[in-house]
Every structure is written in C-alpha cells, then in structure tokens.
Amino acid sequence: MDRPKINVPYEQSDLLIELINITLLVLIWGFTLVNYQELPETIPVHFNAVGDPDDFGHRNTVWLLPAIATFVFLLMFLLNRYPHLHNYTVNITETNALINYRLSTRVLRYMNLFCMILFSVLVYEVLAMSTGKQAKILGVEFILVSIVVPFGIVIYAFIKQKQINK
C-alpha cells in the first residue's frame with residue numbers, strides 16, 4: 001500500500017463543516033457546564049426505544065457525553081489528516097489521489113458532523129429530562145435517523161467514488 005502522501009487543501013465547504021463541528025463541540029461542553037448545577041443527584045443515563053429513561057445514574061455521568069464527543073471529534077479530525085490511510089475501493093495513484101482523498105476526507109467530515117449533531121441532541125435530551133422538561137426527541141425516529149443517515153453517507157461515497165474513477 002504505497003499510496004501518495006499529499007496534502008488535501010481545504011475548500012470553503014470543508015472549512016464551514018469543520019467550523020460547525022467545532023462550534024457544536026463547544027456548545028455541547030458549554031450547555032453541559034451551564035446546566036450542571038441545576039441537575040438533581042440522579043439523572044437519566046439510558047433511554048428505551050420510545051425515548052423513556054430506563055436507567056439512572058449520578059449526575060456526574062453527564063460529563064461522559066461531552067468527553068466521548070470530544071474523543072470522537074478528535075479521532076475523526078486526526079484521521080482526516082492522513083487520507084492515504086483511509087480505505088478505498090479503487091487503486092490510488094498520483095493522478096487520482098487528490099480527488100479520492102478529497103472525497104474521503106469530506107465524507108469523514110460529514111460523518112463527524114453527524115456525530116456532533118447526535119451528541120448535541122443526546123446532551124440536550126439528558127439535561128432537559130433531568131431538569132423536568134420533556135423534550136422527547138429520542139425515540140424510534142431518532143434510532144432510525146441514527147442508522148439511516150450513516151448508511152446514506154457511505155452509499156453516497158461509494159456512488160461518488162465510482163463516478164470520479166470512471
């Protein structure tokens with residue numbers, strides 16, 4: 001696997017998505033920090049398929065969501081710096097490297113955005129339910145979106161990769 005190691009320059013859309021990702025991550029931490037003092041000692045930590053809490057834990061567990069979101073963000077952000085390590089369905093050469101690397105990094109960037117949106121919703125829902133508000137965003141629809149959107153992004157990437165490598 002001797003793929004070319006090239007720098008994939010950011011385009012405006014890439015910068016915008018990264019900015020949104022960073023903003024969402026900051027908002028996840030900020031919203032948690034601002035609302036932490038209002039939390040009761042016991043908060044919902046798990047929800048069933050219809051969005052009702054079915055397990056509870058200490059309020060300090062609320063910090064796990066921002067911590068995991070940060071880990072996911074950093075992992076995807078760092079992986080994006082090494083597109084030659086990504087998995088491809090075509091042979092990468094000097095002539096097609098930039099276009100394939102750009103697609104791969106963009107797909108990973110959108111997947112990161114989707115993860116940050118999911119974590120934002122989860123943090124909001126946990127904090128809202130903990131303080132007595134019934135946001136009720138979680139449920140079957142949330143589960144379906146959580147499954148369908150990533151598959152949609154992957155399918156889009158496969159189709160796009162076939163188109164650019166004809």
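# A guided tour of the chain

Start with the whole chain shown as a surface: its accessible area comes to about 10,000 Å², and 68% of that belongs to carbon and sulfur atoms. Accessible areas here come from the Shrake-Rupley method with a 1.4 Å probe, and for residues only the protein chains shown count as cover. This is a predicted model, in which local features need pLDDT of at least 70 and side-chain atom pairs count only at pLDDT 80 or more, while totals for chains, interfaces and linings use all residues. Residues are numbered from 1 along each chain as its sequence is written, and side-chain values use heavy atoms, with hydrogens and water left out.

**First stop: the overall fold**

Switch to a cartoon. You will find four helices and two strands, in the order α-β-β-α-α-α from the N terminus on. Helices (H or I, at least four residues) and strands (E, at least two) are DSSP runs, numbered from the N terminus. The C-alpha trace spans about 60 × 30 × 25 Å along its principal axes. Of the 166 residues, 42% count as buried; buried means under 20% relative accessible area, exposed over 50%, and partly exposed in between (1.4 Å probe, protein chains only). Contact means heavy atoms within 4.5 Å. Among contacts between residues at least 6 apart in sequence, 73% join residues at least 24 apart.

**Second stop: arginine 109 and its partners**

Now select Arg109, Asp14 and Glu18 and show their side chains. Aspartate 14 makes a salt bridge with arginine 109, with 3.1 Å between the closest N and O atoms. A salt bridge is a side-chain nitrogen of Lys or Arg within 4 Å of a carboxyl oxygen of Asp or Glu. This pair links distant parts of the chain, since aspartate 14 sits in helix α1 (residues 12-35) and arginine 109 in helix α3 (residues 97-130), 95 residues apart. Glutamate 18 also meets arginine 109 in a salt bridge, at 2.8 Å from N to O. Here too helix α1 is linked to helix α3, with glutamate 18 and arginine 109 lying 91 residues apart.

Are these side chains buried or exposed? Aspartate 14 and arginine 109 are both buried. Glutamate 18 is buried because its relative accessible area is 6%, and arginine 109 likewise has 6% relative accessibility.

Next, widen the selection to Glu11, Asp14, Glu18, Arg102, Arg106 and Arg109: salt bridges that share partners join them into one network. The count for the model comes to six salt bridges.

**Third stop: a salt bridge between two loops**

Move to Arg59 and Glu41, whose salt bridge has its closest N and O atoms 3.9 Å apart. Arginine 59 lies in the loop between β2 (53-58) and α2 (64-79), and glutamate 41 in the loop between α1 and β1 (42-47), so the pair ties together parts that are 18 residues apart in sequence. Arginine 59 counts as buried at 15% relative accessibility, whereas glutamate 41, at 47%, is partly exposed.

**Fourth stop: the nonpolar cores**

Hide the charged side chains and select Val62, Met116 and Phe119. They have the most contacts inside the largest nonpolar core, which has 33 residues. A nonpolar core is a set of buried Ala, Val, Leu, Ile, Met, Phe, Trp, Tyr and Cys residues joined through side-chain atoms within 4.5 Å. The elements giving two or more residues to this core are α1, β1, α2, α3 and α4 (140-164), and the largest share, 15 residues, comes from α3.

Centre the view on Met116. Leaving aside neighbours within four places in sequence, methionine 116 is in contact with Asn21, Leu24, Leu25, Ile28, Ala69, Val72 and Phe73. Then select Tyr88, Val90, Ile92 and Ala97, which are among the six residues of a second, separate core.

**Last stop: histidine 86 and serine 146**

Select His86, in the loop between α2 and α3. At 7% relative accessibility, histidine 86 counts as buried. Which residues does it touch, leaving aside its neighbours within four places in sequence? Histidine 86 is in contact with Arg3, Leu79, Asn80, Ser104, Thr105 and Leu108. The C-alpha atoms of histidine 86 and leucine 108 are separated by 9.8 Å.

Finish at Ser146 in helix α4, which is partly exposed at 21% relative accessibility. Leaving aside neighbours within four places in sequence, serine 146 is in contact with Phe114 and Leu118. Between serine 146 and phenylalanine 114, 32 residues apart along the chain, the C-alpha separation is 8.7 Å.
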